[in-house]
Amino acid sequence: TTASEAIRNNKRSVLNTVKHNGCLLEYASAAMRMDIDVIWNAVKTEGAALRFAYPFEADRRFLEGLMQVSDSGHRDTKPGVVPRDGFDFGDKQFFLEAVQRDGHYLMFASTELRADRDLVLAAIKTTPVALKYASAELYQDADCLKAAGL
């Protein structure tokens, strides 16, 4: 192993790095990109870092925990516990709540939901760059472009 590989596999080093810049998760080893603590810390710094989690384990409880992190780094309170069951990427209500917190969550929605005008507009409202996750049709839609400030 090279020094670079050793650092990419060292949890303490990776945690320290992603606490400063969450998107550097992209350069961590596969094992570190699967580590819940590492992912959590990366997403607390930069919500978009979630796209570098590998492989992304779709666990509803974990996703809801991530969504409860506000931009200021403080956890918002949300009542109830969602059981660990099969995650439905087509659950419109779940994703509507998610994109109202951070539009980047649109990237995890089903193809059908990424073509849903209401959901895409809600995502763009909180995160204008979320337009890039919309379906091809909505990506060129006049209302979506206007909402994204384009």
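**Helix packing and nonpolar cores in a predicted all-helix model**

At a relative accessibility of 14%, His-104 counts as buried, the term denoting a relative accessible area under 20%, as against over 50% for exposed and values in between for partly exposed (1.4 Å probe, protein chains only). The place of His-104 is in the loop between H6 and H7, and, with neighbours within four places in sequence left aside, His-104 is in contact (heavy atoms within 4.5 Å) with Ala-48, Thr-127, Val-129, Ala-130 and Tyr-133. The model is a predicted one, in which local features need pLDDT of at least 70 and side-chain atom pairs count only at pLDDT 80 or more, whereas totals for chains, interfaces and linings use all residues. Residues are numbered from 1 along each chain as its sequence is written, and side-chain values use heavy atoms, with hydrogens and water left out.

The protein has nine helices and zero strands, where helices (H or I, at least four residues) and strands (E, at least two) are DSSP runs numbered from the N terminus. Of the 150 residues in the protein, 43% are buried, and among contacts with a separation of 6 or more, 39% are accounted for by residues 24 or more positions apart.

The axes of H6 (92-101) and H7 (117-126) come within 8 Å and cross at roughly 20 degrees, axes being lines fitted to C-alpha atoms, for helices over the stretch in contact, and angles running from 0 to 180 degrees between N-to-C directions. H6 and H7 are therefore roughly parallel to each other, a class that takes angles under 35 degrees, with over 145 counted as roughly antiparallel, 65 to 115 as roughly perpendicular and the rest as oblique. Their crossing is left-handed, that is, the near helix is turned anticlockwise from the far one by less than a right angle, clockwise being right-handed. Lys-92, Phe-95, Leu-96, Val-99 and Gln-100 of H6 and Asp-118, Leu-119, Ala-122, Ala-123 and Thr-126 of H7 make the contact, and these residues divide into six nonpolar, two polar and two charged (Ala, Val, Leu, Ile, Met, Phe, Trp, Tyr, Cys and Pro count as nonpolar, Asp, Glu, Lys and Arg as charged, and the others, Gly among them, as polar).

The largest nonpolar core, a set of buried Ala, Val, Leu, Ile, Met, Phe, Trp, Tyr and Cys residues joined through side-chain atoms within 4.5 Å, has 26 residues, and those with the most contacts inside it include Phe-95, Val-99, Leu-106 and Leu-119. H4, H6 and H7 are the elements that give two or more residues to this core, and H7 gives the most, with five residues. Residues touched by Leu-106, not counting those up to four places away in sequence, include Val-99, Leu-119, Val-120 and Tyr-133. A second, separate core of 10 residues includes Val-14, Ala-28, Met-32 and Ala-42.

Helix H2 (residues 11-20) and helix H4 (residues 36-45) have axes that come within 7 Å and cross at roughly 15 degrees, which makes H2 roughly parallel to H4; the crossing is right-handed. Residues making the contact include Val-14, Leu-15 and Val-18 of H2 and Val-38, Asn-41 and Ala-42 of H4. Asn-41, which lies in helix H4, is buried, with a relative accessible area of 13%. With neighbours within four places in sequence left aside, Asn-41 is in contact with Leu-15, Val-18 and Lys-19, and the C-alpha atoms of Asn-41 and Lys-19, 22 residues apart along the chain, are separated by 5.8 Å.
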